[in-house]
Amino acid sequence: MIQNNALTLHVEEITKDFVGLRALEDVTLSLHRGEILGLIGPNGSGKTTLINVITGFLKPTRGRVRVGDTDITGWPPHRIAHVGLARTFQTIKLFRGLTVLENVEVAAVSAGLSRPQARERALWALERVGATHLATIPAGALPYGEERRIEVARALASRPIFLFLDEPAAGLNEQESDTLLEMLTPLPRETGCGMLIVDHDMRLIMRLCHRLHVLNYGRTICEGTPNEVRHDKEVIAAYLGSGRRMLPC
Amino acid sequence: MHHLKSTSWWPTSLLLSGPLLVLALVVYLFGGEVLQRILIVLFINLTMVLGLQIFMGNSGVVSFAQIGFMGIGAYSSALFSMSPQAKAMALRNLYSFLVPVQVPFVVAVIIGGIMAALVAALVGYPLMRLSGAAAVIATFALLIIVHTVLINWSEVTNGPRTLFGLEAYTTLWVSVASGILFLILALWFKETRLGLQLRASREDEAAAASIGINIVWVRWIAFVLAAFVTGVAGALWAHFITSFSPLAFYLPQTFLIISMAIIGGSASVSGAVVGAVAVTAIFEGVRGIENAINISTVFPFTVSGLTEVCLSIAMILILILRPSGILGSRELPT
Ligand SMILES: Nc1ncnc2c1ncn2[C@@H]1O[C@H](COP(=O)(O)OP(=O)(O)OP(=O)(O)O)[C@@H](O)[C@H]1O
Ligand SMILES: [Mg+2]
């Protein structure tokens, strides 16, 4: 793992074409350690695609992804994970036949820990997300609401330097969303990771994020603090068009 | 923090190997030769299905190639265990540098395992990118290739003809030792870091890659280890049966161990053990009935293939009623 607190993740002019569709066009952003960046935009605006490009699940058509001086563009996902990037999935992907503890432990093992060390780390990560009591349950038997927390714990267990969360609040009610907020807020400060979060829960996003980056049809339409973004005309128009409410407050 | 006891492989080891050892002891003391031979077959089958479990059970990728590795183990151990005189009789065209080579039985068995592992290592890496139907087809092709080589490389295999003249070194206790040893190995492997990573990749490839698991690599290691175990099983079988041809390492035997894995439940080592015992019992039982029918003059006909029919029915029933096998992914005693 790269050990440098000053490291920054750079996404440079990423374009991603699918057959007959440009999902991302010239997207540039950077993510610093210790900060929380919100990536928002209407459905289909390319948020998941961008996470997939950064973490190696998709190869960009053009553009680079760098971590510090290391160009990781086009690397396979498992190598990118070893650089210290961890993610969750919008469509939950747990190891359903393994226990919750094993789900998290295997991430720590894959980051290079021995099994006893990995167990300690996994218990730490489960405690962070408030799921210690679920440790021995098979992941396939978890109630829906708990699954996303386990995915976050699994991502945390590798002690990432950059963490990507794809809609961690999907399906949560207000109270659960508040719990998530409490859980996520101190993470970057305490673990030193940079966090990029995608979500449609604007209550959460506005309170959690230091900065926002807004996509629409694959293009950056706005960047800034939550307050700046909230009042941006183009952002409001994009969200009006999508029928989603941008401003809860 | 420490209230969670760590996953441990030895309680299951004891629980599974205990009854097997008792069974072996009872048959050794009180059973006749026929029963002893059946038990040797059981323990060799067990070794073989454990080899399959190590790869298929943990990775979720089906391999039809295992019996090819059994054949490689059988022939290469034979080349190293047979006396120069026996080779001169049975393998007239053997490369001359191999004729005088003779090593102790145990060494020959290990060589058998190593040769199988080497072949698996060389051909396996590109195969490990595959899963699902593609893996079935590719590993099946590998079985056919190995079979074709065994039939045609007559310098070392005597071609399609029977190779004879091996010593019957594989006693009951040799087969028991192998079965128990690899039982423990399989249980231990599951709980290693690599075993855990492999099981995670079985459940979800994308999630496994996202946490840094190199799926091709972990599968490849398991494939090579599994080939070693299966090669050893082949070597033991060769020195039990003492004469065989390449036909012994083909479809019927493949069907047999796949049915063991499916009936018992390949995701757990306990399932592999249950499958090996159940299928060997069905197989030997039905074969006994078949022989009885054929020997007696009561019936105006003879039967053949009854064992395959019964195994197929058992397998179909299991697939319908309990698709993940008798034990599924559970390890005894849970
Ligand atoms: N593998 C793919 N092949 C073809 N098109 C794709 C693929 N993945 C995504 N797309 C398309 O790319 C566009 C961007 O999709 P993406 O999933 O990145 O949006 P999103 O911002 O994450 O949306 P949501 O908020 O609904 O999750 C969509 O039009 C989608 O249909
Ligand atoms: Mg998305």
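**Entry 1: chain B as a whole**

I looked up burial in chain B of this predicted model and noted that buried residues, meaning those under 20% relative accessible area with a 1.4 Å probe and protein chains only, make up 52% of its 334 residues. The model is predicted, so I kept in mind that local features need pLDDT of at least 70 and that side-chain atom pairs count only at pLDDT 80 or more, while totals for chains, interfaces and linings use all residues. I also noted that residues are numbered from 1 along each chain as its sequence is written, that chains are lettered from A and ligands numbered from 1 in the order in which they are written, and that side-chain values use heavy atoms, with hydrogens and water left out.

I then read the secondary structure of chain B, where helices (DSSP runs of H or I, at least four residues) number 14 and strands (runs of E, at least two residues) number 0.

For the overall form, I compared the radius of gyration, taken over C-alpha atoms, with the globule rule of 2.2 Å times the number of residues to the power 0.38. Chain B has 20 Å, which agrees with the value near 20 Å for a compact globule of 334 residues. Its C-alpha trace spans about 65 × 55 × 35 Å along the principal axes.

Among contacts (heavy atoms within 4.5 Å) in chain B with a separation of 6 or more, I found that 80% join residues 24 or more positions apart.

**Entry 2: strand β9 of chain A**

I turned to β9(A), residues 211-216, and noted that 5 of its 6 residues are buried. Which strands pair with β9(A)? Taking a pair to need at least two bridges found by DSSP, I saw that β3(A), residues 36-40, runs parallel to β9(A) over 4 bridges, and that β10(A), residues 219-224, runs antiparallel to β9(A) with 5 bridges. A:V214 is the bridge partner of A:I40, and A:V214 also stands opposite A:C222 in β10(A). In the hairpin of β9(A) and β10(A), with 2 residues between the strands, A:Y217 takes a positive phi near 45 degrees.

**Entry 3: A:G192**

Finally I looked up A:G192, which lies in the loop between α7 (187-191) and β8 (194-198) of chain A. A:G192 is partly exposed (between the 20% limit for buried and the 50% limit for exposed), because its relative accessible area is 22%. Leaving out residues up to four places away in sequence, A:G192 touches A:R33, A:G34, A:I161 and A:L187. The C-alpha atoms of A:G192 and A:P160 are separated by 8.9 Å, although the two residues are 32 apart along the chain.
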